[in-house]
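User: I have a protein model open and would like some help reading it. Could we go through it step by step?
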Amino acid sequence: MFSLKQPKPTFKSYLLPQADDNTVSEPRIKKLEPVLLPGEIVVNEVNFVRKCIATDTSQYDLWGKLVCTNFKISFITDDPMPLQKFHYKNLLLGEHDVPLTCIEQIVTVNDTKRKQKVLGPNQKLKFNPTELIIYCKDFRIVRFRFDEAGPESAKKVCLAIAHYSQPTDLQLLFAFEYVGEIYHNPAKKVNGIDPGGGGIGNASGQQTPLFETYSDWDREIKRTGASEWRVCSVNEGYMISTCLPEYFVVPSSLADQDLKLYSYSFIGRRMPLWSWNHPNGSALVRMANIKDVLQQRRIDQRICNAITRSHPLRSDVYKSDLDKCLPNIQEIQAAHIKLKQLCVNEPFDETEEKWLSSLENTRWLEYVRAFLKHSAELVYMMECKHVSVVLQEEEGRDLSCLAASLIQVMLDPYFRTIVGFQSLIQKEWVMAGYQFLDRCNHLKRSDKESPLFLMFLDCVWQLLEQYPAAFEFSEVYLTILYDSARISLFGTFLFNCPHQRVKESTEFAISKNIQLGDEKGLRFPCVWDWSLQFSSRDRLLFHNPLYIGKSAPSVHNGALWTFKRSKKNYSSTLRGVPPALKNGIISEQEFLPRRNSLILKLKPDFFQPAEGQSHSMEQYFRDWFAKPVDLHGIILPHLSGTQIKLWKLCYFRWVPEAQINHGGSITAFHRVSLLADEVDMLNRSLRQYKSNSSLQGHCSELDQSRMYFRANGLNDTSGAPDFLSSSFPFSPVGNLCRRSILGTPLSKFLSGAKIWLSTETLANED
C-alpha cells in the first residue's frame, strides 16, 4: 500500500549558482580623465576616438577619448604608444597633447559624403565628421577617426576646438585663467613655482636677468664697460612710449628733457636704444625712423653727436638701414609658408635634385644667409673700424631685434651661454617690444604673422653647427625654446610689449577682483623656469657636451686648479676639416652637396661681394678665416653653399619618412656625452685618490654628472641606445605622413588645395 521509495523533490530554484570566491571577475573599464592645470577646464569631449599612428596600416591605431580644454586638445588612452621606445616628457603637456595656440588649421572630413571643410571660429558644420586633421604650427599633423564615436559628439568637439583655438581677445588666452586661479589659490602652483619667478640659472646658480628693473640695465652697462652711457628712467610708468621698456640705456650726454622733446619725432616715440658696447668703445644702438621730415636732419645729427661723444675715440657713427638691405617681414612669412608646404605636403620620393630645387625656391635659406652676412659686416665695422653702429628700421622692433641679437652672439661669448642667451632674448626681444602676440599669431590674425623669432633661432643654429664648441646650449634647447613660444602659458612670448602685459593683466585683475597691491600687473610664468616643463634629468639635454668654457678644472698634487686655453689650443678645432674650408672658401669639387645631405646648393654668384664693399672688409674676413678660431672671441659665419643647411631637427622631426635610425647628429652627441662623462669620472677618481680638506667643498659638484647620456664605466664601449634616431628627443610616431593618405578621398584635397592659412570653406567634392 505504501511505497518505500523517497518522493522526488518538486521545488525548483531559478537563482544562478553563486560563484566561488576564487573566481576571476571581469576587470572594470578605467575612466579616462585628463590632467588639468590650475584654471584649466574641459569644454567638450568625445569617446571611442581612434588616433591614427602608422602610415600604411590601422593595426597600431590607439583608442581613447578626445578632450578639448581651454588650454589644449588632449587624447587620453590606456594603450601604450606602439613603435616608440622613448618619449621626452613635457610636464605641462601629455604625450598626445597639442596646445591650442600651436594649432594652425582644423580640417573636418566626411568620407561617405566626400566632404571636407576648414573650420574657422564661430562657423557651422553641416555634416557629421568621420575624420579630424589638426595642422600644427610646428609642422605636426595629427589625425583622428570617429568611426565608432557618436556623430553629434564628434561634431561638437570639432567645433569646440575651432572656437577655443582661435580666440578673439588677448584675455581669452589660457595664461590669464591660469594666473587668476593661482592668485586666488596660491596652493595650486604647478611644481611649487610662483608665476613670474626669476629665470633658472646655470650649474653655478646664475640667474637670468629679465631687464625689468633699473639695476639689471646698470649691471649690463658695467659688464660691457659702457662708461659713457646711463640708465634712463624717463619712460617710467610708460609716460613717453607704450612700446618701450620703462628703463633703457642712452648716451650720458643726452638729458631727460632732450629725450622727451626728441621722442615726438620718432615713429611710436621709440627713442634710440643702446644694446651693447664693444671693449674698444664702439656701441650698438637701435633706432626707429624719424617721422618729422622737417626736423629729421637736425634730430638725427644731435643723436649721432651724442653717440659719438660716448665713444672714447670720438669715432664716427655707421648707420645701417635694415629696411633696405634685409628681407621684410612679408617676404620672410612667404618663405616660411613655402618651407612648410615643402616639408609637410611634398613627397620625399622625388629625386634629390628636384627636392633641393624646391627648397631653394622657398628662399628660406637665402634669407638666413642674408641676415648672417649683414650681421657679420656690421661686426666688422665695430671690431675693425672701431665705429658705433646704429640699426635703423621703420618702427625699430622687428628686423633690428634679429640683427642686434646676431651681432651680439658673434661678438660676445657671454651670449653663447644658456643664461647669457636667455638674457639676450629678454633684452633685445621681450623688453624691446618685439610683437610676439602678432608675429606668432596667437589670435589668428594672419596679416601680421611673421616667423622672425624662428629665423633668429635658425641663424643661431647655423652658428652652433659651424662652431659647436663655442655654445653652451644644444640644438635641442633651441628647438624646445621655439616650441615654448607656442604654449599660451608663459608671459615671455605672449605680448607685443611690456606695457601691454601691464595694461591687459590689470584690466583682467580688476574684472576678477584680484588685489595687485604694489605690483604692476599680474605676474605670468616665465619661460626660463624650465622646471615648469621638464625634469632636472631631461634638462641635461639642453647642455652641449662639446662646449669649452673659459676655464676647466684640473686636479694637480691634490689641489684643484683651473687653466685657461690659449689660442694655440684652438687650432685643434680645425683638424679633420678639408683645407679648402679653413679659410671659408670651397673648391669646385667640394661645392656640390653629398647625396642625401639635404643641403642647399646655391648659385656661386650669390657669394660675390656687394657693390661698394670695401677691400679692407674682404681682407678682414680672409684674414679671420685663415686663423685658428678663438672660441671665446669673435665667431663669423661661413656663407658658402654647403655651409648653410636646413635645420632638420626642427623641421623634419615629425616626418617619419625623414628619420634615420641610429643616425643624425644625436649619435655624435651621444658619444661625446659618454666621453665627457668619463672625464668627469676620472676627475672624481683623482679626487678620491688624492682627497684632502681643500677639496671637500667640491664633492657635490664633481659627484653630479652633467651629461644626459652617462658612461657605465671607464672605457665604456657600449653601443648607442635603440631609441636614438635623427629626431631624438622627439618622436614622429602618431603624426600623419603623406603616404598614409594616398589613394583616399582626402589625397586629392590635400594635394590640390593650399590649406595653410586658409580660413574659407573648401568646395565639396562630388
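Analyst: Certainly; one term is needed beforehand. Two residues are in contact when heavy atoms lie within 4.5 Å. Please also keep in mind that this is a predicted model.

User: Understood. What do the buried residues of α1 pack against?
Analyst: They pack against the strands β1 (42–51), β2 (62–69), β3 (72–76), β5 (103–110) and β7. The buried residues in α1 are Ala154, Lys155, Val157, Cys158, Ala160, Ile161 and Ala162.

User: Why might buried positions in a helix be three or four places apart?
Analyst: An α-helix has 3.6 residues a turn, so residues three or four places apart point the same way.

User: How far apart are the end C-alpha atoms of α1?
Analyst: They are 20 Å apart. Helix α1 covers residues 151–164, and at 1.5 Å a residue its 14 residues should span 20 Å, so the two values agree.

User: What about Lys126: is it buried or exposed?
Analyst: Lys126 is exposed, because its relative accessible area is 79%, and the cut-off for exposed is over 50%. Lys126 belongs to the loop between β6 (115–118) and β7. Its C-alpha atom is 9.2 Å from that of Lys155, although the two are 29 residues apart along the chain.

User: Let us change topic. Where is Asp138 found?
Analyst: Asp138 is in the loop between β7 (131–136) and β8 (141–145). Asp138 is buried, because its relative accessibility is 4% and buried means under 20%.

User: Which residues is Asp138 in contact with, leaving aside neighbours within four places in sequence?
Analyst: Those residues are Cys102, Tyr482, Asp483, Arg653 and Trp654. In addition, the side chain of Asp138 makes a polar contact of 3.0 Å with the side chain of Arg140.

User: And what does the charged end of Arg140 sit over?
Analyst: The charged end of Arg140 sits over the ring of Trp654, 5.1 Å from the ring centre. Elsewhere, Arg537 lies over the face of Tyr708, 4.2 Å from the centre of that ring.

User: How many aromatic pairs are there?
Analyst: The count is 44 aromatic pairs. One of them joins Trp647 and Tyr651 in an edge-to-face arrangement, with 6.2 Å from centre to centre and 75° between the planes. Trp647 is buried at 0% relative accessible area, and Tyr651 is buried at 2%.

User: How many disulfides does a search find?
Analyst: A search of the whole structure finds zero. A disulfide is a covalent bond between the sulfur atoms of two cysteines. As for the surroundings of individual cysteines, Cys384 is partly exposed at 38% relative accessible area, whereas Cys459 is buried at 0%.

User: Which residues have a positive phi although they are not glycine?
Analyst: Phe211 has a positive phi of about 60°, and His386 also has a positive phi of about 60°. Most residues other than glycine have a negative phi, and most peptide bonds are trans. Phe211 lies in the loop between α2 (174–184) and α3 (214–224) and is buried at 1% relative accessible area. His386 lies in the loop between α9 (364–383) and β14 (388–393) and is partly exposed at 29%.

User: Which residues does a cis peptide bond join?
Analyst: A cis peptide bond joins Phe728 and Pro729, with omega about 5°. Pro729 is in the loop between α20 (699–703) and α21 (745–752).

User: Finally, how many helices and strands are there?
Analyst: The protein has 21 helices and 16 strands. Buried residues make up 56% of its 766 residues.

Methods. Residues are numbered from 1 along each chain as its sequence is written. This is a predicted model: local features need pLDDT of at least 70, side-chain atom pairs count only at pLDDT 80 or more; totals for chains, interfaces and linings use all residues. Side-chain values use heavy atoms; hydrogens and water are left out. Rings of Phe, Tyr and Trp (its six-membered ring) pair if their centres lie within 6.5 Å; planes under 30 degrees apart count as stacked, over 60 as edge-to-face and the rest as tilted. Buried means under 20% relative accessible area, exposed over 50%, partly exposed in between (1.4 Å probe, protein chains only). A charge sits over a ring if NZ of Lys or CZ of Arg is within 6 Å of the ring centre and within 35 degrees of the ring normal. Helices (H or I, at least four residues) and strands (E, at least two) are DSSP runs, numbered from the N terminus. A polar contact is a pair of N or O atoms within 3.5 Å; within protein, one must be able to donate a hydrogen and the other to accept it, and residues adjacent in sequence count only if both atoms are side-chain atoms. The expected span of a helix is 1.5 Å times one less than its number of residues. A disulfide is a pair of cysteine sulfur atoms within 2.5 Å.
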